[in-house]
Structure formats: structure tokens, C-alpha cells
Amino acid sequence: MIVVNGRVVPHNLRTALPTDVWRVTDGSELDPPLPAAVLQRSTDGKVRLHLPNTRQGSEASAAGVVLDVPTSLDHVSVGDLIGISPDGTRLTVLWKASAQHNGLLLTERCDNYCIMCSQPPKVRDDDWLYERALQVIDLLPTSTPEVGLTGGEPTLNQDALLRLLTRLRDKLPNTEVHLLSNGRAFSKPDFSRRYAAVDHPGLMVGIPLYAPESSLHDFIVQAVGAFDETIRGILNLATLGQRIELRVVVQRQNVAVLARLADFVARNLPFVEQVALMGLEMTGFARSNSDEVWIDPVSYREELREATEILIDSQIRVRIYNHQLCVLDRALWPVAVRSISDWKAGYIDTCQSCALIEQCGGVFTTSGARVSKHLHALSAP
Amino acid sequence: MTIAFDRQSAVPAHWELLPFRFHALDPTTTLLTNLVGEQVCVNPYQLTEIVDGTCTDEALLAELRAKHIIRGFGERTSAELLAMKLRTRMRRLPDSTGLHIFVVTLRCEHTCKYCQVSRQPTSGARYDMTVQHAERALDIVFRSPSPRLKIEFQGGEPLLNFAIIQHIVTAARARNVGPTRDLSFVIASNLALLSDEILDYCKREGIYLSTSLDGPPDLHTRNRPRPGNDSWQRTVDGIGSAQRALGVDHVSALMTTTEGSLGRVREIIDQYRSLGVLNIFLRPISPYGFALRRRGGGNYGVEAWLKFYEEGLDYIFELNAAGTLMVETYAVIIAKKMFSNEDPGYVDLTSPAGIGLSALVYNYDGAVYASDEGRMLAEMGDHTFRLGHLDTDTYEDIMLSDALLSPLEQSITTSAPMCSTCAFEPYCGSDPVFHHATMGDAVGVKPLSAFCQRNMGVFTLLLRKYRDDPGARAVLRKWAHR
Amino acid sequence: MSFQLKFDAKTVTLDALQRAAYALSDVATVEIREGDGEYICDVFPRDDGSHDDVEHRLRIGVIDYMLRQRIAEQTEPIRNLIFALAFSQTGLIAEEPAE
């Protein structure tokens, strides 16, 4: 597990830092342009970040700002992008160059209220997150393979989102952009058209669908009318030729109708690019609603296998996320993906002797003790 | 965090019916099908409660909502999804005519008992199609709007007039310009006359070969006499040569069922397997041509055929479970209509019927027929389905002829008695030629129709397998999306 | 041997009765006439021993066709809407389209 937020100690800082997002470099450039942050590891093991172009004071020989980085954040590496608060005391790792998947948080507001939400919504004005994301995009190399856009619900500020997507199209046309959204805003034809007009070839929207009919889906997302809006949004996007992924979080409430949901997708939404069947992250609302949502994955092996087969037989691409190989039916291993972000993936003691530890994505460290009771080491096949 | 509203609050208080039909599969099971053929099974009491509005089984109501049999009061999404599915099912309707059958000669050296063609002996060029007629026929082929055009050569034995086949292939390719169609060619041959020259030609031009293989040697040879009585051997050799020259996927075989076939379906399927032919079409015998006149092998009822079919299908499911991916073509066609939104447009199972719209037949003498069976009826003296002649008629004359439009209009199942209310209607179609031949009119009386009985038997069988047998269900699902 | 059945014209429609009779064509022919608030059916089974079977099928058939009629009446407006949607220009779906 990797920590991404922490406190740093600034030295030589007299005025607010000129920018929020910084690019971690190795100091080999003579006079790196803003906003470079030079990583320094001293022989005594201390890690520091030197912000060379932030001249402080009027002295000609004034050094730039230096930040002492705590051990929890000493994984910071060259190529990473970091956010530093204006007063130089808080650091957030926004982008890890070494990570398979990086996501940019665009807002913590949401108009759904899913009973198993691992990132409970907050009601506050956080439009600055879009600004920060724009800065990140400006610093990413064009070879960046993938950018995730997450929330909350990113479509709540339509103008800011479209501006961001347009910037991605212009700066990173070869990058896969994976936007996560509940899809409801796309039920409005105007917004759908504006979204489609961005025309980024790598743009795909991942939309959750938890049931084959409204009563269960609306209950799970705690919003009456959500199912209808989401479906209409999906249909509008499809009409406009947009790439769509469906995401199904498998939990106690919908396990019994998983096969029926697969059937529903196969008959009604066959144009989707893929379906992701996902395991629970037992944190946030999922933890407080544990009784309603938690189910040991071993209990739904059959249902998951059938739903997966229905989709595969219907020629729809399927991926299984967030499930450990030892709790999955072997037949499903080819579609299981190591999906848990590096910074929250972990393994328990039992896993250390597992022959497949490299292929398996492990568990959510954020789930704490709420993981399958049937995790066990597998021997080489 | 407390959950603001519970599951029950999200359930719509009332529901409205969406268009659906029902059929009693047995005394305790009633099948409900929606506008596009999706299925739910209920018991008879539940059906009344659903219509009355008194059903309290929330799990069933949720299933009915998911399957678009009912909708929550005032909810709109289901109508939009049904419209989309309907549009998908019907999108190939404007793409007429996909299959064009050229009867290049009536000459043949076999004397098959059930031959529907009333073939002529091998010499006699007056039974061959002329170049002028072939060219006029191609005029009509390319007037058809379909983006896919399949030209099928039949006879008699078409290889006896190989020269005209070559002419037609060349001429068709030359005409295939702006917009180009997906053009394919099939020769339906007994393969007894296959030569290296012919195989080379087929390989160069990408032509498919289709042949008849009725089963094991004794069955095949008894059905298909030939001077020398070596029909089976010739067929098997022909299939082998063709597969080697053209590839396994360019060679297909069709079987015809006779009385002698009943009780031997496993042997027949094994025969196909042994030749590496993994597609079999378990067809019923048709009432046309010599078969009807001589009643040779056509003397059995629908029940006996259904038993034959079920046994064959069970064996094929067994084979699939063991890893041999054998496919039964009729079940594939129906599985697509039952378990996907695709209508495969099979000529004998569409509404409106496939006559003219799916297929046209250009006979060796220049006459144009609405279907293969329509031509066979003409050989027996009944010219009801003759649409015109290449010497005198244009595409418009043929496609707008009363001979075509009248049975077509009657063939729309949503207007036919009993078909319009039948729960199986989305899977079924019309066969006006069959009904005309057996009952005297294009629609027939469904309770007396062998076509109806047979198809209802197959639908019931496939649905039962889908519901009760997980192995069969997986196979049917795969077939539905081939 | 023919037999007669009567149906109350207030609870059964002629249409349903005719359809049910038609569906029996494989086992019987039926002549229907109206009289005194009733439909009188003279049933002629093909097979002498099948009286009970034929009567049962006719009664069940009438109930079924009455039910089908109810469903058809209730669903005619939405059916028309679905077909209209299916054949309209492929536009985007707005939030509250007119019904």
C-alpha cells in the first residue's frame, strides 16, 4: 500500500507557491522550467524536493524552496506529478509514472448515493479540482498510455468537464481516456452532443449498471429515476457512436439477478465495448452498510460464472475486476484483471506462499478485515 | 450511514402491460413472449393476476419488468428499448433479394427418389440455360438493393453445364461496381462429376460447394440411385476432394429426411462427423416433386419427424459437451430469433415470406419463380408462383406482379389467423408455397398445417432444453450469436 | 356425434368464440349462431370418442382468447408508440418526450 497524501516541511518559503502541480525531475537539467521539482536523496536517507525556480526574497543568491519529504512519501519518483499546497505544507501524489492506472479526481460531489460507495460524496464547491487536473494534463508526456477521470460524478460541472476533455484531445490525442460517470447527465441530448463533439478517439465512459430493472438499481444508488436516466444516457451515447463500458459492482443485493442482468445487457445494450464485473471495496458506505452489501465472493461463484458466460457467448467483452484468483471459478481466470490501484493493493499472510501471487491483484487494503474468509494459497497449476 | 429509502419504496406501485402473447407449454407452464420474442414462464394463475393487476410476487414482477412484458406505471425506457430492438430485428427487411438461384440445366445422371426437380437424362442441350437468359437474369440480380448477393447454381446437376457457370461468375463480377456488393457463389452439386479443372476454378474464384449427404452408405444410395449405384462413394470422395482443394469451410452438405432416416439420426450425424462436416441441417421432407407423386419416403407424420429431430439434437448437444462443436442449422436459425435481436432472414422462416424478397429462381428455360419450391410446383403443372419470364419481363414486372404481391401480403404473420396471437410468432414465418401445395391457399388453416405443427414442436423443444438443460442452454446461446 | 354448447353473449365476444372454434379445426368443426343473449355452438367432432376433450379445448380456448383481447386493448396505445419510435428518424432520446 502506498500513501499519497502527507505533510511536508518547507524551507525558504516566504510567499505562496506560484503553481499547484509540479513535475518530479532528477536534477540533470541545468535550469529546469517551471514547474519542476528536483528529487534529492541524501546519503543519510533523507528525501527532499527542491523547487529551483521559485526565487524567494530579493537576494541574488537566494536558493529555491526545499521541502522535507516524510518516509511515508519517499516512494516519490522521477516522472511523478505532485500537488503542493500554496503554503508548502501538504503534498499529494497526483500521478505515479510507474503505476499501471492513474486517476484524476475531478469532484467529490455526486447525484447518486450508492449504498456501497467507497468514496462517499461531499457537498462542497470543489471546482478547483478541475483546474488542478488541467495542470496535470499539461505536464503529462504524449506517450502517456491512459488517464482515468473519476469522482464523485464528473458530469456535475459540464463546462469544466468538456473543457478538460477538449484539452485531453488537443494535448494527449494518443492516450486512452477512461471517464467514470453514472451516465445520467447524458440523458440530456444537448450535453450528449457536446460530449460527442469533443471527438477524442481514446475516450470511453464507464457507467455503472447494477440491475436489469429500475427498482433494484434505484435502491442501490439511492436515487429514484436513476435507472431510467442512466439507460437513456447510454442509448444517447450509443446513437452518437461513443465508446461505453458498463460496470457492475457485485454485492449481496444483486447477486441473485446477476445472470438476468447479463441477459438484459446482451439483449438491450449489446453495443457496449465491454462489461466490468467488479468486487466490493469495503470502505466508506460499503463499510457502514456492510450487512446489506457484503457477501463472500465464494458464495457467488456460480452466479458470477453464469453471468460471465452469458456475456462471452453474446460476443460482449467481459473483465472481472477486484477479485482474487483463489475465490474465482478457474474458468474465469482468463478474464480476471489485476485492477486494484498499486497504492491500495495488498496481500495477506496466506498469499505469500501462493504460486499465483504475481498474477493476482490481491485485496483492497482499504477493505481492512472485510475480505473473503476463503482466501488461500494456490499451488502451481 | 442510514439508507434513505428501502428496496420496497423503489418498487413501482402499479404496472402497465406491454404488448405480449402467451401459450400454454403444458398445463402448469405458460410461456409469455414480448414484442421481440424474449421469454418468461409463469403458471396460469399468475398470468391472470398479471393482467388483472393483482399479482404480489415482487420477484416475478421484477423479472417481467426486466423482460419488457410489463412496465412500471408511466415509465418510458422500456418503450425506447423495445423500439430499438424491433428496429434491429427488422433492419434487413429493405435488403431484398439476397439469394438468386440459377437453374443452369435440368440434366442429371442420378434418379433420386425424392427429387423435386423432375430431372432429364444427361444429353439434351435444350434443357440448358442460354447465355442470353443468364445475362437477363443478372440484370435482375443487380437491380436488387441487397448489399449481399449470393448466386446459387442448381439443376439437375449444374456441373453438366459448367460453361455457363463460368460465364455467369465472370459477368457478375464485371457488373459488381458502384456500389459493390458482397458477392458469393455456391454450386449445389452431387459432386459425382468433380474434376481437378472444376476444383481449380472454384478455388480461384472462391466458390462454395454444397452437396447432399443423406447419411450412411445404404441410406444415401437407396435414396439416390445412380447408374453404378455408387452415389455414396462418389459423394464422400467429392466432399474429400473439395475440402482438400477449397478448405473445409467452403464445403457444406445438406441431408434430406426420408422414412428410412427415422430412427437412424445418430448414424447420420456420425457420418457427417467422420467427413469433417460439422454443420448438419436436419430437414423435413418437402411435399414437392417426385416425392409427392411417388410418395417415395414421404410417408410419415410430424410426430415421427419431431422425435427424429429431438434425438438428433440431443446427440448434438452430447457431442458439444464432449468437445465436438457440431451445429444443427435449423436450431441455429431459431436460436437467433429466440435469444438475440438478429433475424437471420432464413428464406423459409420469415414474415413476410421469403418468396421474391429473400430469393428468386431463374429457370433453365427463362421462367422466373418466387422460390425453389415454386419452381418445383411448376414442374408438377402448377404455375401459381411463376412470376414472369426473362424474355418479356423487367425487374419491376416481376417484383410487382400479382403472383408475388398477393401471397406476400397474405404471408404477414401478424395478420394471419392464429399466427397473429401466437406466442411463437417472433420465431416463425410463412411458407405460402407449402400451404398452397398442401392446402390450396397461401395461408392454410394453421391447426391442420404440418408447417405449423412442426415448427411449434421445434420451438417447444428448444425452449424446454434452454430452460431445463444448462449444457444445452450454453450451446443454444453460442449458436444464437454465431 | 355432435353436441351443443352455449355461451353468455354478455361475457364472451363473438370474436373470441370464432377464434377458439378455428383453433379446433384439427379435431372439430363448429357452427355458431346467436339467439336470446347467447351464442349457440353446434360442435361436430371428427372423432366420436372425443367429446370431453373437444369441449374442454373449446372452453379453454374461449377464456384464452378473451384474455388476449384484454391484453390487446390495454396495450394498443403503447404498441403504436413503440412502432412509431422504431420507425422514426433515429434521434436522441430527450428527458420527457411527448406520449
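This report describes a sheet in chain A, the contact between chains A and B, and a pair of packed helices in chain B. The model is predicted.

In chain A, seven strands make up an open sheet with parallel pairing, in the order E9-E10-E11-E12-E13-E14-E15. Strand E9 (103–105) and strand E15 (317–321) of chain A are at the edges with a single partner strand each, so one side of each has no neighbour in the sheet. On average, neighbouring strands of this sheet are turned by 25° against each other, direction ignored. Within the sheet, strand E11 (residues 176–180) of chain A runs parallel to strand E12 (residues 203–208) of chain A, and four bridges join them. Opposite Leu180(A) stands Gly206(A) in E12(A).

Chain A gives 27 residues to the contact with chain B, and chain B gives 25. Four helices of chain B each supply at least two residues of the side that touches chain A:

| Helix of chain B | Residues |
|---|---|
| H1 | 7–10 |
| H3 | 58–66 |
| H4 | 77–90 |
| H19 | 470–480 |

By class, this side of chain B has 11 nonpolar, four polar and 10 charged residues.

Also in chain B, helix H5 (residues 131–143) packs against helix H6 (residues 162–175) at an angle of about 35°, and their axes are 10 Å apart. The crossing of H5(B) past H6(B) is right-handed. H5(B) contributes Val131(B), Ala134(B), Glu135(B), Leu138(B) and Phe142(B) to the contact, while H6(B) contributes Ile164(B), His167(B), Ile168(B), Ala171(B), Ala172(B) and Arg175(B). The contact of H5(B) with H6(B) comprises eight nonpolar residues, one polar residue and two charged residues.

How values were computed
Residues are numbered from 1 along each chain as its sequence is written. Chains are lettered from A and ligands numbered from 1 in the order in which they are written. This is a predicted model: local features need pLDDT of at least 70, side-chain atom pairs count only at pLDDT 80 or more; totals for chains, interfaces and linings use all residues. Two strands pair if DSSP finds at least two bridges between them. Axes are lines fitted to C-alpha atoms, for helices over the stretch in contact, and angles run from 0 to 180 degrees between N-to-C directions. Two residues are in contact if their C-beta atoms, placed from the backbone, lie within 7 Å. Ala, Val, Leu, Ile, Met, Phe, Trp, Tyr, Cys and Pro count as nonpolar, Asp, Glu, Lys and Arg as charged, and the others, Gly among them, as polar. A crossing is left-handed if the near helix is turned anticlockwise from the far one by less than a right angle, and right-handed if clockwise.
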